[in-house]
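This report describes selected features of one protein model, beginning with a contact between a charge and a ring and then turning to the strands, helices and aromatic side chains.

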Amino acid sequence: MNFILTLLGVPAGLAITGGNTQTVMTATLALWLALFSLFLRRWPLSVVILSVLSVVAFHTAGLIGSGWVWPATAGLVALALSGRLRAAIITAGSGLAYGLAWDGFVDLDHDVSWSLAHVGGEALWAAAVLAAATAYRNTLLWRTEVARRLEQDDHERELDARRRRAEERVEIARDLHDVVSHTLAVVGVHLNVAMDAFDTDPGEARESLRLAQDVRGRAMTDLKSLVGVLRAGPVAHLSDLAGLIEQVRAAGLDVTLNEFGEPVDVPAPVATAIFRVVQESLTNTVRHAAASRAAVTLRYSPAGVLVDVQDDGGGADDPADGYGISGMRERVAALGGALTAGPTKDGFTVRATIPIAAQDD
């Protein structure tokens with residue numbers, strides 16, 4: 001393309017500006033510059049310098065009557081597009097400075113005003129061409145950068161999706177642990193009662209077996225929800241706490257539930273964490289604490305939720321590393337909260353604080 005534009009543009013420009021003094025020389029310059037343009041992609045700066053020097057030499061020798069820089073327009077554009085705008089400006093400026101000196105002080109056929117007008121016109125032409133080339137290059141760079149950022153955003157979204165899927169798998173594993181652990185604990189208690197009362201009190205044995213069957217059915221529902229929907233929505237809700245408390249009471253533990261504040265603004269992840277902390281804590285109480293009473297206290301506020309589960313049992317010897325406490329602590333920490341667990345004067349306490357505001361960001 002540069003070859004054709006130069007081969008046709010140089011003779012046309014010299015004819016329009018009155019610089020076609022010798023047709024043969026005009027054609028020679030046009031062919032010479034067109035051949036140079038074939039090497040612009042590989043050596044843009046060298047080609048521009050040779051092109052400008054050729055134009056200056058032809059003009060100084062009187063072989064053409066106009067033009068100091070503009071016949072080398074294709075080279076200047078190519079140099080600017082390659083990102084070497086400064087080199088293009090210096091090369092064009094040098095050619096124009098020589099032309100101004102030649103027309104003003106060597107060629108006595110023209111005065112300084114004429115020289116300034118003609119060289120100034122070429123300077124405006126070179127400035128416009130270089131500005132257009134630079135704008136075009138910046139547009140291409142901008143489009144490339146936008147495409148790169150879009151690709152990077154897609155990559156980051158893919159990584160984020162993978163991270164979320166991994167977190168969901170961890171959550172599912174925790175929920176499976178909570179459901180199975182709680183179910184086995186409660187069912188185990190009922191089965192023990194049934195075994196003890198099988199001969200002496202068949203009615204109580206049957207009732208314990210019925211309760212165990214109910215707990216088992218509820219657990220199967222939770223497991224189907226986990227496996228079936230893959231946590232498309234929260235598995236546990238605050239409304240399920242009453243049923244959970246009743247199950248534990250049926251196992252022989254006297255449990256009270258106290259709620260303070262309004263829970264309507266609790267996000268689903270926080271609600272699920274609350275349920276699981278209460279479930280795991282009561283499961284540990286039934287299985288390990290040898291407790292007779294437990295109290296569950298929930299305090300709702302705009303900033304967060306306080307979950308407090310206390311029992312009158314002995315707790316575990318090493319509560320930090322076992323009985324699902326580490327899993328509860330990780331679940332709460334993932335939501336920006338904190339969980340503590342340990343023996344107290346009257347028994348064992350699990351306390352978790354879960355912020356609400358962070359879940360809305």
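In this predicted model, the charged end of R299 is placed over the ring of F260, at 4.5 Å from the ring centre. F260 falls within strand β1, which spans 254-260, and R299 falls within strand β2, residues 293-300. These two strands pair in the parallel sense over seven bridges. One of the bridge partnerships joins N258 to T297 in β2.

**The sheet and its helices**

Both strands belong to an open sheet of five strands, arranged in the order β1-β2-β3-β5-β4 with mixed pairing. Because β1 and β4 (338-343) each have a single partner strand, they stand at the edges, and one side of each is left without a neighbour in the sheet. On average, neighbouring strands of the sheet are turned by 10° against each other, direction ignored.

Helix α8, formed by residues 241-250, lies across β1 and β2 and runs at about 160° to β1. Helix α10, formed by residues 325-334, also packs on the sheet; α10 touches β4 and β5 (348-355), and its direction makes about 155° with that of β4.

**The aromatic cluster**

The structure holds three aromatic pairs. Such a pair of rings is described by the distance of the centres and the angle of the planes. Two of the pairs are given below.

| Pair | Centre to centre | Angle between planes | Arrangement |
|---|---|---|---|
| W68 and Y98 | 5.7 Å | 75° | edge-to-face |
| Y98 and W102 | 6.3 Å | 20° | stacked |

The pair of W68 and Y98 links distant parts of the chain, 30 residues apart: W68 is in the loop between α3 (44-60) and α4 (73-81), whereas Y98 is in helix α5, residues 85-106. Y98 and W102, by contrast, are both in helix α5, and because they are four residues apart there, about one helical turn separates them. The planes of these two rings meet at 20°, so the pair counts as stacked, the cut-off being under 30 degrees.

How buried or exposed are the members of this group? W68 is buried, with a relative accessible area of 2%. Y98, at 35%, is partly exposed. W102 has 22% relative accessibility and therefore counts as partly exposed, since buried means under 20%. Together, W68, Y98 and W102 form one aromatic cluster, in which the loop residue W68 is joined with Y98 of helix α5.

Terms used. Residues are numbered from 1 along each chain as its sequence is written. This is a predicted model: local features need pLDDT of at least 70, side-chain atom pairs count only at pLDDT 80 or more; totals for chains, interfaces and linings use all residues. Side-chain values use heavy atoms; hydrogens and water are left out. Two strands pair if DSSP finds at least two bridges between them. Axes are lines fitted to C-alpha atoms, for helices over the stretch in contact, and angles run from 0 to 180 degrees between N-to-C directions. Contact means heavy atoms within 4.5 Å. Rings of Phe, Tyr and Trp (its six-membered ring) pair if their centres lie within 6.5 Å; planes under 30 degrees apart count as stacked, over 60 as edge-to-face and the rest as tilted. Buried means under 20% relative accessible area, exposed over 50%, partly exposed in between (1.4 Å probe, protein chains only). A charge sits over a ring if NZ of Lys or CZ of Arg is within 6 Å of the ring centre and within 35 degrees of the ring normal.
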